[in-house]
Each structure stands twice: as C-alpha cells, then as structure tokens.
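Here is a set of short questions and answers about one structure. Each answer sets a value against a definition.

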Amino acid sequence: MSIAYLNGQWSKPEDAKISVFDRGFMFGDGVYEVMPVYHGHIFTLDQHIARLKRSMAEVRIQSPLDASAWKALLEEAVSRSAEHNALIYLQVTRGIASERSHVYPEVSPTILVTVTPSEFDEQTIKPISVICKTDFRWARGDIKVVSLIANGMLKNQAMDEGFDDAILIRDGLVTEGTSSNVFAVKDRVLWTPPKSEYLLHGITRDQTIELARGHGLEVREENIQENFLKQADEIWLTASGLEILPVGKVNGQTVGNGCVGETWYLMKKAFQEEILKAIEKID
Ligand code: PDD
C-alpha cells in the first residue's frame, strides 16, 4: 500500500497536503533521495542518508534529524506500507515562509516521505534508445535538488523526437543521463565520467564500479567523448530502481549488436547477488 509521511503525519499520499508557501513549491528549494526497497529492506540506505546530508549542507538546510533518526523514519515508512518491493521518495525542503524572499528564512524544514510499490521485472529488460543532447542544466548536478525542470525538459525533448531518453553532453563530454549515470564498455573495460560538480554522484554508479572491480573488470573513471559512444560495445544507464539498464541505440546508431551485452549479464548477476547478500545480512 502506498503511504506518505509529512511533518509527523502518516496518511495516504493523496491526502498529504502542503502549504503554497512551502519553499519547495515556491523556489524548488529542497533536496531529495530515491531509494529502492527489495524484500522489505532499503538497499544502500547508509549511502543515501550520507548523500542527503551532503545535499542539505550544500544548500544550507540544517538536517532536522540525525542519521539514525532518518534511518528509523524510513524503515518505519517501509514497515507501515507493508511493501516488499518499492521505491521510497524522501524530500526535505527549507520549510514554509509566508514572505516570498530569496533570503533564506529561519524556518523548520518540511519532511516528506512516500513509499510506492514497484515491481522490478527482470523478464522485461529491453535495451533502450537514447539521443545525445546538450547539457544546459546548472553546473551543480552533484547536489540532488528537487528543481528538475531542466532534466524534465531534456527527457521530454528526447521522447518527442522518438527516443526513450537522453545522454547529456557538456563541452563534448558525457555528463550523465536525465535521471541516471552513464557507463560505456569497450573491450571489457568499463568507462564512466569522473565525479564532478556537473553530475550526480550516483549510488548505483558506485555500486556498479565496486562490483565490476570485484569481478576482475577494469573500470576507468575518465572523461568520455561523445564520439566514444559510437565505438562502445555496450552502454548502460544506472540509477536506483533502474539498476543497470542497457542502451541499444545512440543517436539512431546500434550499440554493439543492439542486444544486451555479455558484460551487462555479468554485472546484472553480480547486482542481484549483492542485493541478496544485503538482505541476508539484515535478516
Ligand atoms: N535519479 N543522475 C541523475 C540526474 C539522477 O536523477 C539520478 C537518480 C542518478 C542516479 O543516482 P542513484 O544511482 O543514486 O539513484 C544520476 C533518481 C532515481 C530520480 O530522480 O528518480
């Protein structure tokens, strides 16, 4: 069952109501996290809380809870929802201020948590088709802010043109997807752009790198030229909930043989094993 928590109140998500003066609504002045739940357990919870705290520090929202209280709240949300496989959305905005001002008000942050059931259907994995688009977003993609208007524009432009998504290019270099990180595989070596202020430091990205290295694969966190995508054997997008998604076509050109690649299969298996290990550790 979908459930929401808003500033201390539990309800159905559709019954949770927010003030028009909330800074998240007025200014997009807030940060968020999306976390996958597998078999009732939140995957990579510590990493998500650490990133949330970093995002809050970057935009000077004082964390209203400490790490153990965040964990307890999120775990309570999952347990109240009684969902086994779900996505948790956590949003923290600066709070409610009746005067519209660019100056930060001294107010308490708004906390919103929702849990929504999600089926991770392994049978329907189908390589997607992407187009490269100029990354015109702001230059702090490393902060997970709720203002996603540019990401939405880019995704929708790609879809209007008949693609599933876009890979974003800044100064000739790949940054990330509209809601994912990007990997390219060439001769069994994984390439992904290095962490910078232009892209989100994805938790699935980190997991993928760690697992790949653990399975003896070479990973290079180095700049990827747009042209390199044409020569890649495989391209993947990674994100919470998406895990590792294969790309079959870039700019209309087939990637590898257009099918799911052998390195992807290896990584997918490794990812599933990692999820099972994480569940077993908790149970
Ligand atoms: N998005 N880059 C962007 C721009 C993202 O929005 C996301 C995730 C990622 C991948 O990060 P992670 O592996 O930590 O989920 C990279 C989430 C899922 C969203 O906005 O729905």
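Q: Which residues come nearest to the ligand?
A: In this predicted model, 17 residues lie around the ligand. Tyr32, Arg51, Glu176, Thr204 and Ser240 come nearest.

Q: What makes these residues count as "around" the ligand?
A: The cut-off is a heavy atom within 4 Å. The 17 residues meet that cut-off, so they count as around the ligand.

Q: Why is the pair between Tyr32 and the ligand called a polar contact?
A: A polar side-chain atom of Tyr32 lies 2.6 Å from an oxygen atom of the ligand. The limit for a pair of N or O atoms is 3.5 Å, so this pair is a polar contact.

Q: What does Glu176 place beside the ligand, and at what distance?
A: A polar side-chain atom of Glu176 lies 2.6 Å from a nitrogen atom of the ligand. That is within 3.5 Å, so this pair counts too.

Q: Which part of Ser180 pairs with the ligand?
A: A backbone N or O atom of Ser180 does, 3.5 Å from a nitrogen atom of the ligand.

Q: How much of the ligand does the protein cover?
A: On its own, the ligand has 480 Å² of accessible area, and the protein covers 88% of it.

Q: What is the volume of the largest pocket, and which residues are closest to its centre?
A: The largest pocket holds about 860 Å³ of space. Its lining has 45 residues, and Tyr32, Lys144, Val145, Leu148 and Asn151 are closest to the centre.

Q: How do you know that both domains help to line the largest pocket?
A: Domain 1 (3-119) and domain 2 (123-279) each give at least three residues to the lining.

Q: What classes of residue line the largest pocket?
A: The lining divides into 19 nonpolar, 17 polar and nine charged residues. Tyr counts as nonpolar, so Tyr32 belongs to the nonpolar class.

Q: What lines the second largest pocket?
A: This pocket has a volume of about 420 Å³. Its lining has 18 residues, with Ile42, Thr44, Leu45, Ala278 and Ile282 nearest the centre. Helix 7 gives the most, five residues. By class, six are nonpolar, five polar and seven charged.

Definitions and conventions. Residues are numbered from 1 along each chain as its sequence is written. This is a predicted model: local features need pLDDT of at least 70, side-chain atom pairs count only at pLDDT 80 or more; totals for chains, interfaces and linings use all residues. Side-chain values use heavy atoms; hydrogens and water are left out. On a 1 Å grid over the protein atoms alone, a cavity is a set of points where a 1.4 Å probe fits but cannot get out, and a pocket is an open set with protein on both sides within 12 Å along at least five of seven lines; lining residues have an atom within 4 Å of a point. Grid points are joined across faces, edges and corners, and a volume is the space filled by probe spheres set on the points. Domain bounds come from an automatic or database domain assignment. Helices (H or I, at least four residues) and strands (E, at least two) are DSSP runs, numbered from the N terminus. A polar contact is a pair of N or O atoms within 3.5 Å; within protein, one must be able to donate a hydrogen and the other to accept it, and residues adjacent in sequence count only if both atoms are side-chain atoms. Accessible areas come from the Shrake-Rupley method with a 1.4 Å probe; for residues, only the protein chains shown count as cover.
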